[in-house]
Amino acid sequence: MKKIILGLMISLMGLTLFTSCSKDSDISDASLVGLWVFVNMTTELENPTNVEELEIEQGFMALASVMLQGTTIEFRPDKTFIFTAFGQVERGTYSNDNGKFTLTVNDETVSEESFINSGSTISIKDGVLTLTANILDEKLRERGFTKYILKINFKK
């Protein structure tokens, strides 16, 4: 379970940080730098044809939110980051070029080809860093989902 959640977080970071903002984004390196602590995770799920699948997924996300307590992301001025969850540490680099964030973890750069949907964002508002990922894919559609959005919130 830990590996699933950690993988989800790293994937979501990659999703959101790569496709985060338009060129006129107000997220600067200065606003991103610092230690961000997990606050909560919310979901926007819709599955009008299969209520049981919806309830299972909602339960899993509620459990994941509890398990993520204590998770941190530290963005540093030298363009490196440290992601800590479940006593495990991932290190990598990030860049913010022309409003697009790129995240590299273990020598793997998250690229446009490495994710399914481009409806992912990163935002900072009222001191909260929110990673939003639209992860609706064909497998979820086959299970009846019409909407599957995760929002992961961190606070300095």
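The legends below describe an overview and several close-up views of a predicted model.

**Figure 1. Overview of the protein chain, with four helices and nine strands.** From the start of the sequence to its end, these elements follow the order α-α-β-α-β-β-β-β-β-β-β-α-β. The protein chain has 156 residues, and 43% of them count as buried. Its accessible surface is about 8,300 Å², with 51% of that area belonging to carbon and sulfur atoms. Among contacts between residues at least 6 apart in sequence, 63% join residues at least 24 apart.

**Figure 2. Strand β2 and its pairing with β1 and β3.** Strand β1 covers residues 34-46, and four bridges join it to β2 in an antiparallel arrangement. Strands β2 and β3 are also antiparallel, again with four bridges between them. Glu74 in β2 is the bridge partner of Leu35. Glu74 also stands opposite Ile82 in β3. Another bridge to β3 is that of Thr72, whose partner is Thr84.

**Figure 3. The loop of the β2 and β3 hairpin, with Lys79.** Strand β2 spans residues 72-75 and strand β3 spans residues 80-85, with Lys79 in the loop between them. Four residues separate the two strands of this hairpin. Lys79 has a positive phi of about 70°, although this residue is not a glycine. Its relative accessible area is 27%, so Lys79 is partly exposed.

**Figure 4. The aromatic cluster of Phe75, Phe81 and Tyr94.** The whole structure contains four aromatic pairs. In the pair of Phe75 and Phe81, the ring centres are 6.2 Å apart and the planes meet at 45°, so this pair is tilted. Phe75 and Tyr94 make an edge-to-face pair, with 5.2 Å from centre to centre and 85° between the planes. Edge-to-face applies because planes over 60 degrees apart are counted that way. Phe75 belongs to strand β2, whereas Tyr94 belongs to strand β4 (residues 88-97), so this pair ties together parts that are 19 residues apart in sequence.

**Figure 5. Burial of the residues in the aromatic cluster.** Residues under 20% relative accessible area count as buried. Phe75 has a relative accessible area of 2% and is therefore buried. Phe81 is buried with a value of 1%. Tyr94 is also buried, at 4%.

**Figure 6. Ser65 in helix α3 and the residues it touches.** Helix α3 runs over residues 51-67 and includes Ser65. The relative accessibility of Ser65 is 12%, so this residue counts as buried. Leaving aside residues up to four places away in sequence, Ser65 touches Phe38, Asn40 and Met41. Strand β1 covers residues 34-46.

**Figure 7. Asp126 in the loop between β7 and β8.** Strand β7 consists of residues 121-125 and strand β8 of residues 128-134, and Asp126 lies in the loop between them. Asp126 is not a glycine, yet its phi is positive, at about 50°. With a relative accessibility of 68%, Asp126 counts as exposed.

Conventions: Residues numbered from 1 in each chain as written. Predicted model: local features only at pLDDT ≥ 70, side-chain atom pairs only at ≥ 80, totals over all residues. Heavy atoms only, no water. Buried < 20%, exposed > 50% of the residue type's maximum accessible area, 1.4 Å probe, protein only. Contact = heavy atoms within 4.5 Å. Areas by Shrake-Rupley, 256 points an atom, 1.4 Å probe, with all protein chains shown as cover. Pairing = 2+ DSSP bridges. Phe/Tyr/Trp six-rings, centres within 6.5 Å; stacked < 30°, edge-to-face > 60°.
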